[in-house]
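Reader: I would like a close look at one part of this model, namely its charged side-chain pairs. Please keep the account plain.

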Amino acid sequence: MKASIIIAFYNKIRYLELVLAGFERQTEKDFELIIADDGSGKEVVAGIKKLIQLSDMKISHIWHEDKGWRKNIIMNQAVRQAASGDLICIDGECIPHRNFIRENIRNRQSGIILSGRRINLS
């Protein structure tokens with residue numbers, strides 16, 4: 001697996017549908033998606049499960065109860081679940097262009113891509 005894409009998400013299922021459509025069209029196919037859900041409601045969670053079932057991509061959904069803004073906690077859980085050491089983190093309303101993953105992999109250095117911007121860890 002060349003990259004683990006972590007999508008920070010909360011309640012906006014229509015946006016997530018568009019984001020997933022962007023990932024379906026990627027030129028690089030060797031990646032996983034992790035939806036890091038900061039406490040969306042039951043109807044939204046059911047919608048996410050349906051999206052995952054209908055997709056051919058490797059998608060996992062991690063969720064915790066809504067106790068206010070705890071995005072960092074769910075993002076950390078997603079990092080621990082990631083299969084790849086190369087992480088690309090985006091917000092749930094960012095629709096990736098066709099070469100988003102390929103360009104991030106090609107230009108990677110040690111660090112994390114956060115919403116398309118590289119954060120160096122060294």
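Which residue forms a salt bridge with Glu32, and how many Å apart are the closest N and O atoms? Please also set the pair beside the other salt bridges and describe what surrounds it.

Author: The model is predicted. The partner of Glu32 is Lys58, and the closest N and O atoms of this salt bridge are 4.0 Å apart. Lys58 belongs to the loop between α2 (42–54) and β3 (59–63), while Glu32 sits in strand β2, so the salt bridge ties together parts of the chain that are 26 residues apart in sequence. The two ends differ in exposure: Glu32 has a relative accessible area of 4% and is buried because the limit for that class is under 20%. Lys58 has a relative accessible area of 48%, which means partly exposed, since exposed begins over 50%.

As general background, side chains of opposite charge can pair when their charged atoms come close. The structure holds four salt bridges, and two others can be set beside this one.

One of them joins Lys2 to Glu28, with 3.4 Å between the closest N and O atoms. This pair also links distant parts of the chain: Lys2 is in the segment before β1 (3–9), and Glu28 is in the loop between α1 (13–24) and β2 (31–37), 26 residues apart. Glu28 is buried at a relative accessible area of 13%, whereas Lys2 is partly exposed at 38%.

Another joins Arg14 to Glu17, where the closest N and O atoms are 3.0 Å apart. Both residues lie in helix α1, three residues apart, or about one turn of the helix. Glu17 is partly exposed, with 31% relative accessibility.

Now to the surroundings of Glu32. Ser84 touches Glu32, and its other contacts beyond four places in sequence are Met1, Lys2, Ala3 and Ser4. Ser84 therefore has contacts with a member of two of the pairs described above: Glu32, the partner of Lys58, and Lys2, the partner of Glu28. Ser84 is found in the loop between α3 (71–81) and β4 (87–91). Its relative accessible area is 9%, so Ser84 is buried. The side chain of Ser84 also reaches the backbone nitrogen of Asp86, at 3.0 Å.

In short, Glu32 is buried, pairs with Lys58 and is touched by Ser84.

Methods: Residues are numbered from 1 along each chain as its sequence is written. This is a predicted model: local features need pLDDT of at least 70, side-chain atom pairs count only at pLDDT 80 or more; totals for chains, interfaces and linings use all residues. Side-chain values use heavy atoms; hydrogens and water are left out. A salt bridge is a side-chain nitrogen of Lys or Arg within 4 Å of a carboxyl oxygen of Asp or Glu. Helices (H or I, at least four residues) and strands (E, at least two) are DSSP runs, numbered from the N terminus. Buried means under 20% relative accessible area, exposed over 50%, partly exposed in between (1.4 Å probe, protein chains only). A polar contact is a pair of N or O atoms within 3.5 Å; within protein, one must be able to donate a hydrogen and the other to accept it, and residues adjacent in sequence count only if both atoms are side-chain atoms. Contact means heavy atoms within 4.5 Å.
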